[in-house]
Amino acid sequence: MSARTLVLVRHGRTEWNATGRLQGHADVALDDVGRWQARRGAQTLFRRHKAALVVASDLTRAAQTAQAYADAAGVPVVLDARLRERGFGQWEGMTGEELVGGWPEQYAAWRRGEEPSGIGAETKAAVAARMVDAIGAYADELEPDQTLAVVSHGAAISLAIAALLGQDASYWRGIAGLNNVHWSQLSRASAGAVPDWRLVTHNAGPDYPLDEWNSGPADLGDDADWISAPGSA
């Protein structure tokens, strides 16, 4: 028995998102707008998908986003390091301008969809493999009529979707990344079908103009209050 509905959710905005810094494994918390996004996104997501199990990357930005949805769904959050963002080694914390200045050839290769060499980055295939391994394990804990929600990160989710759809994640770039606190829904195919999953919805989210969603309203209200990550005080 295994869940037939999978929802992959990207975390809310961080200060590094807002300033264009590559995050990778760096543990950056949500900013005020990110907490507003997490709470507003949780409300919309819960109306559409009532997950029986919520699992998340153990990085704070994902764990906080997951907690906002889990509070609405009335379920706990399970944290798993396999759901982390792709690690970018020496590049983490840097802007695009800094990468162009320090690693022009590797940056150009990365932008072409190739693997940047010599910076300590995880390969795309490795990220896809750990994501799919975690998703499969948690899906198998559920009944077919139940939904699994996974809160993770932009690159990690795109690579996971590619792998779940039978694409070669080491080079395939045909899936656009998710906006903050937007999600994709996949449904399991019939027994014996290839691939095992079908993409039903991609980059869905609350009904806000994208520029307002990315920057947040002038008055964030209580939605910007701190969200404790699972297991924290």
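**Close-up 1. Helix 7 lying across the strands.** In this predicted model, helix 7 covers residues 154-164 and lies across strand 1, strand 4, strand 5 and strand 6. Compare its direction with that of strand 1, and you get an angle of about 155°.

**Close-up 2. The open sheet and its edges.** Here we look at 6 strands that form an open sheet, in the order 3-2-4-1-5-6, with mixed pairing. Strand 3 and strand 6 (197-204) stand at the edges with a single partner strand each, so one side of each has no neighbour in the sheet. Going from one strand to the next, the twist averages 20°. Helix 6 (residues 124-139) packs on the sheet too, touching strand 1, strand 2, strand 3, strand 4 and strand 5 (183-188). The direction of helix 6 makes about 150° with that of strand 4.

**Close-up 3. Strand 1 and its partners.** A quick reminder before zooming in: strands of a sheet pair through backbone hydrogen bonds, and they can be parallel or antiparallel. Strand 1 and strand 4 run parallel, joined by 6 bridges. One spot to find is Leu-6, whose bridge partner in strand 4 is Leu-148. Strand 1 and strand 5 run antiparallel, with 5 bridges between them. Look for Val-9 here, standing opposite Trp-183 in strand 5.

**Close-up 4. Thr-5 and its surroundings.** Thr-5 lies in strand 1. Is Thr-5 buried or exposed? Its relative accessible area is 18%, and buried means under 20%, so Thr-5 counts as buried. Leaving out residues up to four places away in sequence, Thr-5 touches His-49, Gln-146, Thr-147, Leu-148, Gln-185, Leu-186 and Trp-197.

**Close-up 5. Strand 5 and strand 6.** Of the 6 residues of strand 5, 5 are buried, so this strand is largely enclosed by the rest of the structure. Strand 5 also pairs with strand 6, in the antiparallel sense, over 5 bridges. Leu-186 is a handy landmark, standing opposite Leu-199 in strand 6.

**Close-up 6. Helix 3, wrapped up by its neighbours.** Helix 3 takes in residues 60-73, and its end C-alpha atoms are 20 Å apart. That agrees with the 20 Å that its 14 residues should span at 1.5 Å a residue. How many of the 14 residues are buried? The count is 11, so helix 3 is largely enclosed by the rest of the structure. Among the buried ones are Thr-60, Arg-61, Gln-64 and Tyr-69. What covers them includes strand 1 (5-10), helix 2 (32-48), strand 2 (53-56), strand 3 (77-79) and strand 4 (147-152). Just after helix 3 comes Gly-74, which has a positive phi, near 75°.

**Close-up 7. Rings meeting rings.** The whole structure holds 8 aromatic pairs. Tyr-208 and Trp-213 make a tilted one, with 5.4 Å centre to centre and 40° between the planes. Tyr-208 is partly exposed, at 26% relative accessible area, whereas Trp-213 is buried, at 0%. Elsewhere, ring pairs link Phe-88, Trp-91, Trp-103, Tyr-107 and Trp-110 into a cluster.

**Close-up 8. Charges over rings.** Which residue lies over the face of Phe-46? That's Lys-50, at 4.7 Å from the ring centre. Arg-111 lies over the face of Trp-110, at 5.9 Å from the ring centre. You may remember Trp-110 from the ring cluster in the previous view.

Notes
Residues are numbered from 1 along each chain as its sequence is written. This is a predicted model: local features need pLDDT of at least 70, side-chain atom pairs count only at pLDDT 80 or more; totals for chains, interfaces and linings use all residues. Side-chain values use heavy atoms; hydrogens and water are left out. Helices (H or I, at least four residues) and strands (E, at least two) are DSSP runs, numbered from the N terminus. The expected span of a helix is 1.5 Å times one less than its number of residues. Buried means under 20% relative accessible area, exposed over 50%, partly exposed in between (1.4 Å probe, protein chains only). Contact means heavy atoms within 4.5 Å. Two strands pair if DSSP finds at least two bridges between them. Axes are lines fitted to C-alpha atoms, for helices over the stretch in contact, and angles run from 0 to 180 degrees between N-to-C directions. Rings of Phe, Tyr and Trp (its six-membered ring) pair if their centres lie within 6.5 Å; planes under 30 degrees apart count as stacked, over 60 as edge-to-face and the rest as tilted. A charge sits over a ring if NZ of Lys or CZ of Arg is within 6 Å of the ring centre and within 35 degrees of the ring normal.
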